[in-house]
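Student: I should like to work through the packing and the internal space of this structure. Please show it to me before we begin.

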Amino acid sequence: MKATQRENVWFFAWAVSVIAMFGSLYFSEIKGYEPCELCWYQRILMYPMTVLIGIAVARKDYRLSLYTAVLSGIGMFVSLYHYCLQKISFFSDRLPACGRIPCTAEYINWFGFITIPFLALTAFILIFISSLLVWKWTKTSG
């Protein structure tokens, strides 16, 4: 296992988190889409990873990969649940209330399936896989 591979994967995880963070800011601040409650939870999980992984990349500290795997794992479940609320009537029919902005609202619906929670889910999955790889490689390299 080459050290540059680990650095590249760790940098990729950071780049994904930065794109996700700026993407969410674009949708809310430029496009004017007000985030729902579940969107805020996803942001709460994503934004710190941008800083944590950024510092870890700069310092070549791979030990944080376990923590980012946990954060992104939780984020995956929140995003998946949010996506199910939007796309599966079984979930959305049983939703009592989700705050001022309904969690079932679809601001975007590209190709009939890509919504904002789907984009967040994709980012969380990519960061989760990258974090697990970096953690595994760090653990085996000593």
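Student: How much space lies in the largest cavity?

Tutor: The model is a predicted one. The count comes to one cavity of 30 Å³ or more. The space in the largest cavity is about 70 Å³.

Student: Which residues lie nearest the centre of the largest cavity?

Tutor: The lining of this cavity is made up of 15 residues. By class they are ten nonpolar, three polar and two charged. Nearest the centre lie Cys39, Gln86, Ala105, Tyr107 and Ile116.

Student: Which helices each supply at least two residues of the lining of the largest cavity?

Tutor: The lining comprises 15 residues. At least two of them come from each of these helices: H3 (65-87) and H5 (116-141).

Student: Is helix H1 oblique or roughly parallel to helix H2?

Tutor: Helix H1 (residues 3-30) and helix H2 (residues 37-59) pack with their axes 9 Å apart, at an angle of about 140°. Angles over 145 degrees would count as roughly antiparallel and those under 35 as roughly parallel. The arrangement of H1 relative to H2 is therefore oblique.

Student: Is the crossing of H1 and H2 left-handed or right-handed?

Tutor: The two helices pack at an angle of about 140°. Their crossing is left-handed.

Student: How many residues of the contact of H1 with H2 are nonpolar?

Tutor: On the H1 side the contact includes Trp10, Phe11, Trp14 and Met21, and on the H2 side it includes Arg43, Met46, Tyr47 and Ile53. One residue of the contact is charged and five are polar. The nonpolar residues number 14.

Technical notes. Residues numbered from 1 in each chain as written. Predicted model: local features only at pLDDT ≥ 70, side-chain atom pairs only at ≥ 80, totals over all residues. Heavy atoms only, no water. Axes fitted to C-alpha atoms, helices over the stretch in contact; angles between N-to-C directions. Helix = DSSP H or I, 4+ residues; strand = E, 2+ residues; numbered from the N terminus. Parallel < 35°, antiparallel > 145°, perpendicular 65-115°, else oblique. Left-handed = near helix turned anticlockwise from the far one by under 90°. Contact = heavy atoms within 4.5 Å. Nonpolar A, V, L, I, M, F, W, Y, C, P; charged D, E, K, R; others polar. 1 Å grid on protein atoms, 1.4 Å probe; cavity = no way out; pocket = protein on both sides within 12 Å on 5 of 7 lines; lining within 4 Å. Points joined across faces, edges and corners; volume = space filled by probe spheres on them.
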